[in-house]
Amino acid sequence: MGAYQQQSVDNLALDTNPDDLSLVLDHVHCRFDRHQAVNDISLEIRPGEVVCLLGPSGCGKTTLLRIAAGLQIPSAGRVFLGGNLVSAADGLHWPPERRNLGLAFQESALFPHLTVLENVCFGIKSLPRGKRRSHALDLLERLGMAGSAKVYPHTLSGGQQQRVALARALAPSPNVMLLDEPFSSLDARLRDQIRDDTLHVLKELGTATLLVTHDPEEAMFMADRIALMREGQIVQTGTPTDLYCNPVDPFVVRFFGQVNECTAKVKNGSVTTPLGELDASNFPEDSTVQVLIRPEAVKVRPLEDNADNANASHVQVSRLLGSTSLVHICAHGEEDQEMHLHARVPGVFLPREGQPVSLSLDMSQVFLFRQ
Ligand SMILES: Nc1ncnc2c1ncn2[C@@H]1O[C@H](COP(=O)(O)OP(=O)(O)OP(=O)(O)O)[C@@H](O)[C@H]1O
């Protein structure tokens with residue numbers, strides 16, 4: 001790293017030297033007229049790591065990816081790639097072609113006049129001509145497309161074209177892959193397969209990857225770490241388990257799927273809900289607490305249908321959703337509290353309408369926040 005660059009990393013908001021990181025975004029901002037699309041984002045990607053930028057539409061994911069790619073100039077902040085400062089507020093800006101990146105987008109257009117193999121060979125400059133072909137064929141093989149090497153793109157399905165586009169992006173052995181919703185145009189079954197193949201190839205090649213998605217399941221499938229964004233900022237960064245099991249606020253909980261919600265007042269260190277009393281000793285007395293309960297946290301036990309259980313919680317509707325069943329329940333708590341809630345149960349579990357049930361909670365998937 002040169003003296004200018006060494007000096008420029010002095011104030012970096014990171015513990016790790018950018019030389020050891022594949023991509024660093026350091027206090028990056030991006031403003032469009034009055035709209036702050038990206039607001040002070042810092043994020044790093046280690047070699048071989050897959051990081052997903054996750055968030056709702058319009059939160060700034062694509063803008064951040066375009067900044068990393070050199071397609072968008074940030075209004076402030078710095079970008080490092082493989083230890084090189086490639087973008088800074090003083091006007092330093094390396095264009096995309098100088099950054100050694102692989103780019104693949106939702107609709108990655110292949111060159112129509114080149115065969116699949118020629119498309120993949122196109123960007124490989126670093127290898128001798130004789131080796132380009134075998135390298136490209138190897139990538140096509142890994143992505144299940146070697147059999148189509150000689151055909152032209154228009155004869156391929158959308159999913160096959162997407163595989164070729166990924167092979168083409170990987171072919172120059174980029175330091176960093178930037179993927180923007182690369183699977184979103186595919187139908188569900190095909191998407192699962194291509195995601196799986198892509199993850200294996202990225203891991204085998206050890207390519208650091210930043211992948212944009214709005215789909216939490218896709219992020220959990222692909223990512224070593226997820227950065228969840230909202231309105232131009234990162235709300236939480238961590239492993240999928242960190243975000244799912246230790247969410248920092250209700251937005252994070254809700255982003256990973258529908259949740260049962262109620263509010264309650266703290267009395268004597270606990271809150272009373274239709275599902276029973278919950279510990280709230282971390283919250284001030286008399287404060288109002290938001291209780292978020294994932295459907296899989298609700299344990300349902302059918303009760304005998306007799307007069308003793310006339311006031312018990314009861315089933316409203318049951319539906320099989322595939323690998324899980326969703327049970328709609330009217331929960332009856334103490335003090336005449338009532339709550340409509342959803343319980344997600346593994347396998348086929350379809351209690352009839354009106355079935356009295358007792359409910360308990362797996363507290364690892366119940367989250368309390370001060371309102
Ligand atoms: N070139 C531009 N000019 C003006 N505003 C822009 C421009 N590009 C993006 N924006 C705005 O910046 C915000 C963030 O857009 P961005 O495309 O980064 O969001 P996103 O999270 O990728 O959304 P999606 O998931 O819908 O693609 C949006 O409000 C968008 O309208």
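**Exercise 1. Which residue stands opposite Leu 210 in β8?**

Find the partner, then work out how β8 sits among its neighbours. Keep in mind that this is a predicted model.

*Solution.*
- Step 1: Look across from Leu 210 in β8, and you'll meet Val 51.
- Step 2: Zoom out to the strands. β3, residues 50-54, pairs with β8 in the parallel sense, over five bridges.
- Step 3: Now try β7, residues 176-180. Five bridges join β7 to β8, and these two run parallel. Here Leu 179 stands opposite Leu 211 in β8.
- Step 4: Follow the chain from β7 to β8. The path goes through helix α6, residues 188-205, and this β-α-β crossover is right-handed.
- Step 5: Check how covered β8 is. The strand takes in residues 208-213, and six of its six residues are buried. On one side you have Ala 208, Leu 210 and Val 212, on the other Thr 209, Leu 211 and Thr 213, so to speak two covered faces.

**Exercise 2. Work out how helix α5 is built and what its buried residues pack against.**

*Solution.*
- Step 1: Get the length. α5 covers residues 158-170, which is 13 residues, and reaches 18 Å from its first C-alpha to its last. That is close to the 18 Å expected at 1.5 Å a residue.
- Step 2: Count the cover. Ten of the 13 residues in α5 are buried. Among them are Gln 161, Arg 163, Val 164 and Leu 170.
- Step 3: List the partners. The buried residues of α5 pack against β6 (101-105), α3 (116-121), α4 (129-142), β7 and α6.

**Exercise 3. Describe the shell around the ligand, and say which element gives the most to it.**

*Solution.*
- Step 1: Collect the residues. Around the ligand are Phe 32, His 35, Ala 37, Gly 55, Ser 57, Gly 58, Cys 59, Gly 60, Lys 61, Thr 62, Thr 63 and His 214.
- Step 2: Sort by element. β2 (35-45) and α2 (61-69) are the elements that give two or more residues to this shell. The most comes from α2, with three residues.
- Step 3: Sort by character. The shell divides into three nonpolar residues, eight polar and one charged.
- Step 4: Take a closer look at α2. Eight of its nine residues are buried, including Lys 61, Thr 63 and Leu 64. Just after α2, Gly 70 takes a positive phi of about 90°.

**Exercise 4. Is Val 348 buried or exposed?**

*Solution.*
- Step 1: Place the residue. Val 348 is in the loop between β18 (338-346) and β19 (356-361).
- Step 2: Count neighbours. Val 348 has 11 C-beta neighbours inside 10 Å, so it counts as exposed. The cut-off for exposed is 12 or fewer.
- Step 3: Look for contacts. Leaving out residues up to four places away in sequence, Val 348 touches Leu 320 and Ser 325.
- Step 4: Try a far-off residue. Pro 74 is 274 residues from Val 348 in sequence, and their C-alpha atoms are 51 Å apart in space.

**Exercise 5. Sum up the protein: how many helices and strands are there, and what does the C-alpha trace span?**

*Solution.*
- Step 1: The protein has nine helices and 20 strands.
- Step 2: Its C-alpha trace spans about 85 × 50 × 35 Å along the principal axes.
- Step 3: Of the 371 residues, 36% are buried.
- Step 4: Take the contacts between residues at least 6 apart in sequence: 64% of them join residues at least 24 apart.

Conventions
Residues are numbered from 1 along each chain as its sequence is written. This is a predicted model: local features need pLDDT of at least 70, side-chain atom pairs count only at pLDDT 80 or more; totals for chains, interfaces and linings use all residues. A residue is buried if 20 or more other C-beta atoms lie within 10 Å of its own, exposed if 12 or fewer, and partly exposed in between; C-beta atoms are placed from the backbone. Helices (H or I, at least four residues) and strands (E, at least two) are DSSP runs, numbered from the N terminus. Two strands pair if DSSP finds at least two bridges between them. A crossover is right-handed if, with the strands pointing away from the viewer, the path from the first strand over the helix to the second runs clockwise. The expected span of a helix is 1.5 Å times one less than its number of residues. Two residues are in contact if their C-beta atoms, placed from the backbone, lie within 7 Å. A residue is near a molecule or strand if its C-beta atom, placed from the backbone, lies within 6 Å of it. Ala, Val, Leu, Ile, Met, Phe, Trp, Tyr, Cys and Pro count as nonpolar, Asp, Glu, Lys and Arg as charged, and the others, Gly among them, as polar.
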